[in-house]
Amino acid sequence: MELLDCRLEIGDLDAFVADLGEIDDRNGVTIQAFDARYVADRRHLERAVEFADRAIERGENVARDRAVEILLYAAGRRQIDRALEMGVGEGETRAVVLVDDDGNGDADEAAALDAVERLEAFEGRASTLETRDTETLCEFFEIPAAERAATDASLSALVRERVALLEVKK
């Protein structure tokens, strides 16, 4: 799994998603773009990929598309419309673009990353995961202050717990 921390300026979301689809088809990868405010850290997305792949292997996936299944797990939600809040939207966005081998043995993650960087929407690399939006993460993942006060676990660990709990809620 590769992550591209960047800034995007998306004028037409449907066209941007179609462009990502073409890149992933051409390179044998899965690509998902996230609004960086909703990503706790790299491990958060690694766990989402692990759980999504396990659900697909077991035939328990909700989405037909692997990228959407990864989004569902990353968001800790089974409803696609609620999980989409974690994705990118039109306008300027601090983003994290996930590129992962789709498991068919023909992946070229490096070429896919290069292609993403050549998209019109790509504004440049940025350290989006280094600054965490604690308030947004707590609100989106429903982590109350009382829970944070009652544990010495990091916010990232609590977010990953929400990802893992999605398995239990199914």
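Ten residues line the largest cavity of this predicted model: Ala36, Arg37, Val39, Ala40, Thr128, Leu129, Thr131, Arg132, Asp133 and Leu137. Sorted by class, that lining comprises five nonpolar, two polar and three charged residues. The volume of the cavity is about 30 Å³, and a search of the whole structure returns one cavity of 30 Å³ or more. Rolling a probe the size of a water molecule over the atoms shows where empty space is left.

Two of the lining residues, Ala36 and Thr128, can be followed outward from the cavity. Ala36 sits in the loop that runs between strand S2 (29–35) and H2. Its relative accessible area is 3%, so Ala36 is buried. With residues up to four places away in sequence left out, Ala36 touches Arg94, Ala95, Val96 and Thr128. For a sense of distance, the C-alpha atom of Ala36 is separated by 21 Å from that of Arg148, 112 residues apart along the chain.

Thr128 belongs to another loop, the one between strand S4 (122–125) and H6. Thr128 counts as buried because its relative accessibility is 1%, where the cut-off is under 20%. Its contacts, leaving aside neighbours within four places in sequence, are Asp5, Cys6, Ala36, Arg94, Ala95 and Val96. Arg94, Ala95 and Val96 are thus found in the contact list of Ala36 and in that of Thr128.

Cys6, one of the contacts of Thr128, has 0% relative accessibility and therefore counts as buried. Cys138 is likewise classed as buried, because its relative accessibility is 14%. A search of the whole structure for disulfides finds zero.

The next topic is the nonpolar interior. The largest nonpolar core contains 34 residues, and Phe34, Leu45, Tyr73 and Met86 are those with the most contacts inside it. Elements that contribute two or more residues to this core are helix H2 (42–58), helix H3 (66–75), strand S3 (91–101), helix H6 (134–140) and helix H8 (155–169). Another core, of 21 residues, lies apart from it and includes Val29, Val88, Ala95 and Val97.

Which residues does Leu45 touch, not counting those up to four places away in sequence? They are Met1, Leu3, Phe34, Val39, Ala74, Val96 and Leu98. Among these, Val39 is also one of the residues lining the largest cavity, and Val96 is in contact with Thr128. Ala95, a member of the 21-residue core, touches Ala36.

Notes:
Residues are numbered from 1 along each chain as its sequence is written. This is a predicted model: local features need pLDDT of at least 70, side-chain atom pairs count only at pLDDT 80 or more; totals for chains, interfaces and linings use all residues. Side-chain values use heavy atoms; hydrogens and water are left out. On a 1 Å grid over the protein atoms alone, a cavity is a set of points where a 1.4 Å probe fits but cannot get out, and a pocket is an open set with protein on both sides within 12 Å along at least five of seven lines; lining residues have an atom within 4 Å of a point. Grid points are joined across faces, edges and corners, and a volume is the space filled by probe spheres set on the points. Ala, Val, Leu, Ile, Met, Phe, Trp, Tyr, Cys and Pro count as nonpolar, Asp, Glu, Lys and Arg as charged, and the others, Gly among them, as polar. A nonpolar core is a set of buried Ala, Val, Leu, Ile, Met, Phe, Trp, Tyr and Cys residues joined through side-chain atoms within 4.5 Å. Buried means under 20% relative accessible area, exposed over 50%, partly exposed in between (1.4 Å probe, protein chains only). Helices (H or I, at least four residues) and strands (E, at least two) are DSSP runs, numbered from the N terminus. Contact means heavy atoms within 4.5 Å. A disulfide is a pair of cysteine sulfur atoms within 2.5 Å.
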